[in-house]
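Trainee: I've got a structure to read and I'm not sure how to begin. Could you walk me through it?

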2 protein chains.
Amino acid sequence: LIGAGLLEEVAACLACRRAGSPAAVVTDPVVGAFYRDRLMAALAKGAPGLRVAWIEVPAGEGAKRLSELERLYHQFAGVPLDRRSVVVAFGGGVVGDLAGFAAATYLRGIDLIQVPTTLLAQVDASVGGKTGIDLPEGKNLVGAFHQPRRVIADLETLQTLPAAQLRAGLAEVIKYGVIADPSLLDILEAQREPILAGEPAALEELVVRSCRIKAEVVAGDERETGRRAILNFGHTIGHALEAATGYGEYLHGEAVAIGMVAAARLSCRLAGLPAGEARRLEELMRAYGLPSAPRKPVAPERLLEAARRDKKARAGDVHFVLANRLGEVDLYPVPERVIRDTLETLNG
Amino acid sequence: LIGAGLLEEVAACLACRRAGSPAAVVTDPVVGAFYRDRLMAALAKGAPGLRVAWIEVPAGEGAKRLSELERLYHQFAGVPLDRRSVVVAFGGGVVGDLAGFAAATYLRGIDLIQVPTTLLAQVDASVGGKTGIDLPEGKNLVGAFHQPRRVIADLETLQTLPAAQLRAGLAEVIKYGVIADPSLLDILEAQREPILAGEPAALEELVVRSCRIKAEVVAGDERETGRRAILNFGHTIGHALEAATGYGEYLHGEAVAIGMVAAARLSCRLAGLPAGEARRLEELMRAYGLPSAPRKPVAPERLLEAARRDKKARAGDVHFVLANRLGEVDLYPVPERVIRDTLETLNG
């Protein structure tokens, strides 16, 4: 469900379930401060008599750790949730990943409803069933596939989203434009102002089209044995940059924007992408205030090292999703020398 | 695969996988002391060049905790295992549950081979895909369904199994006799001596028939929404007894034996089981040195309380799997007064 003012739908969704089992809303203090009263009022009205536990986890990627997972388990057991209970993940990607993984594994899996409140979560994290937490050794090293019963994306919640996070979410929308639907790029170019203002009417089309692409790709390859990999356009270097800078230096969407610039340049060299289309992407990044190069130079060797450690790497090659043209991508093995050259161009 | 001398099959199973990705054998020090050399020799011979990490977790139910899971994750990341790696769970139910859950969740799920070395694990835990760990609030509260690629049950490993554990495993075999295949009870009655001596030839038929029943039931209802529940015959009170005595007082199979005696008596009262068949079960317990009553009296109210908290409980009733006759069971809601009465008879 995608639209403006949908928090009431969460209540409707819980009300239609069999009664007697409590539910849990997992969120963070930032989202809680904005929306707790509104969601709890909607639940009291739309799902009267339902017992709802309100559970807050710390804001930020640091919450995706085993100790917070353990705390969630104890809180679930304290309610206690049972096999017919539902967990509502109410927040951005961190809340969705952590609460989703807790729901995937508590009592060997209970129902999950994703209510994403960031653009990134609405167009990416909430769809597709990936959940997980980080280890000190790497991001998302532990997790599960657990499809939500429903994803409810309320576009109004984007109005309280910081501008930098809105822009970072748009990086993933640009990605969908590159891998499957160039008309997204046309919309981004034509409607820059209402989009950056977070106007629901302007964002709706972007979210709908992005989710459709993600859902189609995932439905064809849930476990990422093949085509799902195309969703990683820009992510090989994006992830490597996040890892090499210790996370926190770049928002995920910012790192992906830089990774997409690198991937576009590789695409020109190896996949026949016209140079003008790569430039068009870089201009779009600029128009939306997204970086197209690291803010401080990063040694190519460090990025390459991190890319090799990526959990999607296979022995030997580093594989990249590259664009043959805007809207069509394939997986290419890329020689390390070529990667190094291209990374050098990022440092200007 | 069920048979004598099958550790070489583990090597064959790993050798036929695509090369390049390391494997991990997870076991405990007890199993490691008996079989490490033999398994590693088989792997060196049957899967030459394969990198194998040998990882030991503490013996006993205490290992099924989040801190040990975390240690496993770190060891997997240290190898590092990748998406094509395989985890071999080599041991009893604790190792299978813990290593299985780690495999289910590391990199969102990597391949698992179960190599059960206890009778309980061979006839029950290794088949069906349940994995998990305990929380302070209860057993198996966290877990995942993760089907092993293969289950390799080497009957020769049962020769190093302590007699009490062999007997405890036989309690689950008796259970399969009650819920689906009374000929198992005939075999147990006719071949007591070779079975108790752990002779592979005598045990093979028991393990094969038990696994067949478990696999059939699970294939029809993997997520335990219906018929899989019949596998819980004797387990409602069995689990309650384990919980009420703080675990460690009874082996799981011993608690299940007592639970089956209670369930048989309830079956006589509510499901039409002839009294003679309940007596036949109690005699079988005695013949195999299994308890048919708690060693120290336990207040019925404490067992009832624990049964209510069981994760399979639904709001309101306590449900029992009861036998209409040997080989045929159904799920019955049982009034608490009747449960209390029956539990009183256990205390003699």
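Mentor: Sure, let's begin with one term: two strands pair if DSSP finds at least two bridges between them. Keep in mind, too, that this is a predicted model.

Trainee: Okay, so in what order do the strands of the open sheet in chain B come?

Mentor: In general, strands of a sheet pair through backbone hydrogen bonds, either parallel or antiparallel. Here, five strands of chain B line up as β3-β2-β4-β5-β8, with parallel pairing.

Trainee: Which are the edge strands?

Mentor: In chain B they are β3 (52-56) and β8 (150-151), and each of them pairs on one side only. Take β3(B): five bridges join it to β2 (residues 23-27) of chain B, in the parallel sense. Across that pair, B:V25 stands opposite B:W54.

Trainee: And which strands does helix α2 of chain B lie across?

Mentor: Helix α2 (residues 29-46) of chain B lies across β2, β3 and β4 of that chain, at about 170 degrees to β3(B). Helix α4 (residues 93-105) of chain B lies across β2, β4 and β5, at about 165 degrees to β4(B).

Trainee: How is chain A related to chain B?

Mentor: A turn of 180 degrees, with a shift of 0.0 Å along the axis, lays chain A on chain B with an RMSD of 0.0 Å. That's the relation of a two-fold axis. The copies meet through the same surface, because 100% of chain A's interface residues are also interface residues in chain B.

Trainee: What confidence values come with this?

Mentor: Where pLDDT is low, the predicted coordinates should not be read in detail. Chain A has a mean pLDDT of 94, with 97% of its residues at 70 or more. For the complex, the predictor gives an ipTM of 0.90 and a pTM of 0.92.

Definitions and conventions:
Residues numbered from 1 in each chain as written. Chains lettered and ligands numbered in written order. Predicted model: local features only at pLDDT ≥ 70, side-chain atom pairs only at ≥ 80, totals over all residues. Heavy atoms only, no water. Least-squares fit on C-alpha atoms with pLDDT ≥ 70 in both. Contact = heavy atoms within 4.5 Å. Helix = DSSP H or I, 4+ residues; strand = E, 2+ residues; numbered from the N terminus. Axes fitted to C-alpha atoms, helices over the stretch in contact; angles between N-to-C directions. pLDDT = per-residue confidence, 0-100.
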